[in-house]
Structure formats: C-alpha cells, structure tokens
Amino acid sequence: MIEHLPALMIAIPLFGAFTTPLLKGKPRAAALWALAITAVTLGLGTLLVREVTAGGTMIYVFGADSPGLVLPSGYRVPVRIIFEVDAMGAFMALSAVLMSFIGAMYSHSHVERESGLEKYYSLLLLLEVGILGMVLTGDLFNLFVFLEIAGIAGSALVGFRNYRGEASEAGIKYLIVSAVASLMVLFSIGLLYGQYGNLNIAYLSRQIGFNTVDMIALGLLFASFAMKCGSVPTHHWVPDAYTEVPAGINPTLLVATYASLYALFRVSFSLFGEVTLSMSSVGWIMSILGVLTMFIGVTMALVQKDVKRLMSYHAISQTGYMLLGVGVGLTVLNDPAKLAAFGRDAMAGGIFHIINHIIYKSLLLMTAGALFYVTKTRNLNEMGGLARKMPYTTIAFIVGAAAISGIPPFNGFASKFLIYETSYQLNPLLAIFAMVTSVLTLASFIKVFASAFLGPPVKEYESVGEVPKPMVAAMLILAALCILFGLFPNVVLDKLVYPAVDALLNLGGYQTWGGVL
Amino acid sequence: MNNMILVNLPFIVVALLLAVGFYTIGFKRNLIKVVIGIEILEGAVNLFLIALGYVKGAYAPIYTMAPKDAVNNMVLPTPQALTLTSIVIGVAVSALMLAFAVNIYHHYGTLDVTKIRRLRG
C-alpha cells in the first residue's frame with residue numbers, strides 16, 4: 001500500500017471529483033463527502049511526507065514494476081509515466097492537501113446559500129488533483145496536463161458566482177493567462193522532445209547540452225511559469241482572480257499558484273541544473289523579478305479600498321520574497337563556498353516562506369470572506385466597529401496581519417528573517433527593499449484593521465454576529481498554525497524545509513531516479 | 001534548396017501561426033476573436049508536435065497486422081499521443097472561455113475587451 005502512495009494521492013481526489021456530482025440537490029451531503037475525501041488525502045499526504053523524509057525519493061511507475069528497461073531493443077530510456085517524489089514535491093503536496101482540507105471545511109457554511117454546490121466541490125477536488133499532479137510528477141508532459149487541469153478547474157471556480165459579471169471577467173482573464181502559459185509550456189516541451197526524444201525530467205536533465213534551442217525552451221518555460229505564479233510584469237490576473245473566487249477556494253488557489261512556482265524551481269534547478277554556466281544570470285533575473293514583484297505588489301495594495309483586493313495585492317508582494325530567496329540560492333549555485341555560507345539558507349527562507357505565506361494569506365483571505373459573509377460588502381469605507389461583533393474573526397485577522405508583516409513570534413518573521421540575512425550578503429540593496437516592503441505591508445494592514453474592526457459601529461450591522469462554526473474552526477486552525485510555525489521554526493525547518501532545499505540542490509540524486517537505475 | 005524549404009515548411013507555418021495567434025490575442029478587441037487567437041496558438045503548437053513526430057517513409061505505430069517492412073521502421077507514438085491529449089484539453093479550454101464570454105455579454109452587454117473593465121485599480 002505504501003509504495004502506491006503517489007498514485008493514490010491522485011486517484012482518491014479524482015474519484016471524489018467524479019462522484020461528487022452524483023449528489024446533485026444534496027448540498028450538505030456533497031460538502032461532507034468533499035470534506036471526507038480531502039481528509040483522507042490529508043492523511044495520505046502526511047504518510048507520503050513521512051515516507052519521503054525517512055526513505056528518500058519515491059519512484060512510482062505507471063504500468064510497470066520498475067522504471068528500468070522497457071524497450072525490446074535494449075535501449076535504456078524511461079518511456080513510461082513516472083511519478084518522482086522527492087522532499088520538495090512532498091513538501092508542496094503537504095501544503096496542497098492541508099489547504100484543500102481547510103478550504104473544504106470553510107466552504108461548508110461559506111457558500112451554503114449558493115446553488116450548484118456539487119459542481120463547486122467537484123471542481124475543488126479537481127483543483128487539488130491538478131496541484132498534486134504538478135508537484136508529484138517526474139514527466140514534463142504530465143506536468144503540462146496537470147497544469148491545464150489546475151488552470152481549468154481554478155478558472156471555473158473563479159467564475160463560480162456567475163450571477164456577478166465581475167466573476168466571469170476575472171475567470172476569463174485567469175483562463176486566458178493560463179491557456180497561453182500552458183501552450184507555451186507545451187511548445188517548449190515539444191522543443192525539448194524534438195532534440196532528446198524523451199519527456200522524463202531526470203533523463204532530459206542529463207542530456208541537456210544548452211544550445212540555442214534549449215535556451216529558447218528555458219526562456220519560454222521560465223516566462224510561462226513566472227506568469228502563472230503572478231510575478232511582475234504579468235501579475236494583473238492575480239488580484240481579480242483572488243478577489244472574485246469564493247473565500248473557501250482561496251487556500252487551494254494559492255497553492256495552485258505556488259505549484260507553478262514549484263515548477264519554475266524544478267525547471268531551474270533540476271531540468272537545467274546541469275547547465276552550470278548560465279544559471280547564475282537566471283538567478284539574478286529571478287532575484288530582481290522578486291524585488292520588483294514585492295515592491296510593486298505592496299505599493300498597489302496601499303491604495304485599495306476593497307478588502308479582498310488589498311489582500312490579493314499582498315499575495316503578489318509576498319510571492320516576491322519566495323522568488324528573491326530561491327533566486328539568491330540559484331545565483332550562487334555554482335559557488336560551493338557561497339552556497340554553504342548563505343545560498344542554502346536563502347533557499348530555505350524562500351521555501352519556508354511558501355508554506356508560511358499559504359497559511360497566513362489563506363487566513364487573511366478567509367477573514368475577508370467572513371467580513372463579506374456578514375456585511376455583504378467588501379468596501380472598507382462601509383465597514384466599521386466589527387471587532388466586538390466578531391471576536392474570533394478579529395483574533396484570526398490580528399494573527400494573520402502580524403504574521404504577514406513579519407512581527408516575531410509569528411511565522412512570517414521566521415522566514416523573512418532568513419531572507420533578509422541572506423539576501424543582504426548577496427547585495428545589501430535586495431535586503432533593504434525586502435524590509436521596506438515589510439513596513440509598507442504592516443501599514444496597509446493597520447489601515448484594514450482600523451477601518452473594518454475598530455471605529456464607531458455602523459448602524460446596518462447592529463444585528464450581525466459571529467460567522468458559523470466551520471468557518472471559525474478553519475480560521476482558528478490556521479491561526480494556531482501561524483503561531484506554532486512561528487514559535488518552533490526550527491522543527492519545521494529541519495523536518496520539511498531543509499530536506500526540500502537539499503532535494504532541489506541534489507541534482508545527482510534526482511537524475512538517478514533515487515538509485516533505481 | 002527547394003527540398004530544404006519543403007522539409008521545413010511545417011515549421012515555417014508554425015512560426016507564422018504563432019505570430020498570427022499572438023497578434024490576435026494582443027491587438028483584437030473582441031473577446032471572441034481573442035479566443036480564436038488562442039485557438040490559433042493551439043493549432044500552431046499541435047502542428048509543431050505532429051511535425052516533430054513525422055519521419056518520411058516510416059509506418060504508423062500500429063502493431064496489429066503490421067506489414068513486414070514496418071519492423072524497426074515505425075515512428076514513435078509519443079508525439080501523436082501528446083497531440084491528441086492537447087486537442088482534448090484545448091476543447092475544454094475553449095468551451096469554458098466561450099461560456100465565460102457568453103456570460104460576460106449577458107452582464108456587460110458588450111464583448112469589447114476595453115469596455116469590460118469593472119475590475120481595476
């Protein structure tokens with residue numbers, strides 16, 4: 001059973017996605033069924049992480065016992081679909097299953113007044129399948145297929161409230177971006193396949209010679225995945241999509257975005273990792289994109305009036321930190337002394353920031369969803385004095401806002417501190433930009449807190465109360481995770497993050513299929 | 001010379017289609033035309049994959065009842081499989097995009113992308 005874990009991680013949510021529409025007209029049953037499926041997947045994900053951290057990279061070959069010889073002529077190339085799960089993939093998979101579970105729990109009461117809920121939960125599970133497929137696969141074409149599944153399911157969910165024109169507008173923006181990005185991914189897969197005759201990432205990375213065509217492929221892959229992860233200059237779809245999607249989907253959609261970031265890292269470190277010559281300039285591009293992303297995101301956030309849109313711009317800004325951290329690591333990839341001195345820690349900061357960000361940004365977007373649930377508006381100027389009416393939401397918001405601004409002892413501080421320290425050693429200017437961004441983040445969250453939660457109570461919201469229990473539970477779980485990750489960052493770093501960093505850096509281990517071939 | 005152009009003809013067409021597709025997505029104002037642009041891009045990528053898998057004089061990779069001289073003279077089936085998958089995904093994407101376009105027309109009364117701008121700032 002354990003050796004089939006990678007396949008089960010895909011199979012179970014897929015089974016759930018195709019059985020949920022059978023519960024048409026029974027929204028409560030559909031919600032519970034989706035919750036059960038995501039809970040089972042969460043259990044499997046935890047098992048997978050334990051298995052990978054204990055036993056190293058897991059290989060799963062569809063339709064054969066081993067990834068070895070399959071061609072009758074004795075030509076040793078992998079021709080089957082292979083799932084290759086190293087610590088980095090397992091780390092992302094854990095984020096995905098955790099957030100899908102929290103999202104399903106929160107959705108239970110958040111969307112109960114909408115219609116067509118069986119389709120909603122079906123799409124939620126399909127989105128989970130897409131993310132899990134992207135992070136577990138070891139095959140380029142599979143990556144494309146799951147990228148498209150996540151893109152289609154995600155944009156259908158963005159347009160879920162189809163009685164609002166804005167939802168369709170955001171949905172088609174997201175879909176056009178993901179369609180163009182994934183077509184360019186497919187085109188570069190074609191370029192690589194044409195030269196090397198294989199689709200396996202590990203096999204390709206051993207063959208790559210970095211001629212002009214490879215450079216074009218790298219450029220296309222880099223640009224497409226940067227577009228899908230919401231980096232500047234192609235970040236315009238992020239605020240629209242995150243604002244219009246129901247708040248219960250936000251955690252999963254965030255992980256879907258960072259699955260593209262994972263693909264970007266996988267392409268830079270594993271697929272083109274052998275090319276020692278030019279990756280440091282790619283690293284510089286990544287770092288500079290990161291700085292631009294964080295700065296432009298936060299300045300755009302300061303002027304927003306819509307609470308969810310403000311937080312969505314922060315999501316762009318925080319993506320910059322991850323790009324910066326891992327970009328610094330990529331810059332010094334070929335310099336062992338610098339890599340040991342600060343490169344590895346920079347990457348740990350960037351990757352730790354992924355899970356921290358997913359936790360606190362989901363929490364914040366959920367509190368925004370709770371405000372919307374209660375007040376039916378997202379305009380900050382129309383809210384006020386809600387702190388006393390919604391104590392749990394207020395606590396959750398304070399924890400999330402402190403975490404995103406990098407205040408100790410919350411989790412945002414732990415990863416941001418690593419990024420400040422290490423990017424300073426590459427270039428002090430990078431660290432200064434990162435710190436200024438943090439201060440501006442705090443400023444804009446004080447604005448939200450003052451206008452929504454403090455101030456005189458507004459007459460229209462005299463009779464409102466706290467949001468339903470499943471929503472409160474989901475928010476409190478995430479708030480608790482924020483505090484736990486902040487208090488014990490070393491445990492998370494040692495158990496999850498450093499293994500993931502080492503998995504990215506250990507190209508030789510990835511290429512040999514974990515010692516099977 | 002003539003032969004070289006013929007061999008590379010599919011790739012030239014791919015480049016042209018990519019250019020036309022990107023032009024349509026970037027410069028056309030009607031939403032349906034943008035969707036058509038994406039379809040053109042998809043056609044270009046599919047043609048590229050098919051052209052990659054073509055070997056002159058080779059046989060289709062169907063093993064049952066294959067003629068004698070087809071042994072060791074078959075093209076790899078992978079590009080065809082990729083193209084089929086890509087076509088199927090493309091149908092889903094375009095259906096969803098057109099559904100969004102219909103819904104946008106319903107709410108905004110226009111398909112002009114410069115006027116569909118309620119989300120901004």
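How many salt bridges does the count come to over all chains? I got 12. Worth keeping in mind: this is a predicted model.

**Entry: salt bridges in chain A**

I began with Lys173(A) and Asp240(A), whose side chains meet in a salt bridge at 2.5 Å, N to O. Lys173(A) sits in helix α6 of chain A and Asp240(A) in helix α9 of chain A, so this pair ties together parts 67 residues apart in sequence. I checked burial on both ends. Asp240(A) is buried, with a relative accessible area of 2%, while Lys173(A) comes out partly exposed at 30% relative accessibility.

Next I looked at Asp306(A) and Arg378(A), which form a salt bridge at 3.3 Å, N to O. This one links distant parts of the chain, 72 residues apart: Asp306(A) is in the loop between α11 (279-302) and α12 of chain A, and Arg378(A) is in the loop between α13 (336-375) and α14 (391-404) of chain A. Arg378(A) has 10% relative accessibility, so I put it down as buried, the cut-off being under 20%. I then followed the pair outward and found a network of salt bridges linking Arg164(A), Glu244(A), Asp306(A) and Arg378(A).

**Entry: a pair in chain B**

Asp112(B) forms a salt bridge with Lys115(B), and I noted 3.9 Å between the closest N and O atoms. Buried or exposed, I wondered, for Lys115(B)? Lys115(B) is exposed, at 57% relative accessibility, whereas Asp112(B) counts as buried at 14%.

**Entry: around Thr257(A)**

I found Thr257(A) in helix α10 (residues 250-271) of chain A, buried at 2% relative accessible area. Its side chain makes a polar contact of 2.7 Å with that of Tyr242(A). Leaving out residues up to four places away in sequence, Thr257(A) touches Lys228(A), Cys229(A), Trp237(A) and Tyr242(A). Of these, I looked up Cys229(A), which is buried at 1% relative accessibility. Cys482(A) is buried too, at 0%. I also searched for disulfides and got 0 over all chains.

**Entry: where A meets B**

The contact takes 38 residues from chain A and 36 from chain B. I have about 3,100 Å² buried between the two chains, with carbon and sulfur atoms giving 80% of that. I counted 0 salt bridges between chain A and chain B, but 5 residue pairs in polar contact across the interface, both residues at pLDDT 80 or more. On the side of chain A that touches chain B, the elements giving two or more residues are α5 (140-158), α6 (165-196), α9 (237-244) and α12 (307-331). Helix α6(A) gives the most, with 20 residues. I split that side of chain A by type: 21 nonpolar, 9 polar and 8 charged.

Definitions and conventions: Residues are numbered from 1 along each chain as its sequence is written. Chains are lettered from A and ligands numbered from 1 in the order in which they are written. This is a predicted model: local features need pLDDT of at least 70, side-chain atom pairs count only at pLDDT 80 or more; totals for chains, interfaces and linings use all residues. Side-chain values use heavy atoms; hydrogens and water are left out. Contact means heavy atoms within 4.5 Å. Buried area is the accessible area (1.4 Å probe) that two parts lose on being put together, summed over both. A salt bridge is a side-chain nitrogen of Lys or Arg within 4 Å of a carboxyl oxygen of Asp or Glu. A polar contact is a pair of N or O atoms within 3.5 Å; within protein, one must be able to donate a hydrogen and the other to accept it, and residues adjacent in sequence count only if both atoms are side-chain atoms. Helices (H or I, at least four residues) and strands (E, at least two) are DSSP runs, numbered from the N terminus. Ala, Val, Leu, Ile, Met, Phe, Trp, Tyr, Cys and Pro count as nonpolar, Asp, Glu, Lys and Arg as charged, and the others, Gly among them, as polar. A disulfide is a pair of cysteine sulfur atoms within 2.5 Å. Buried means under 20% relative accessible area, exposed over 50%, partly exposed in between (1.4 Å probe, protein chains only).
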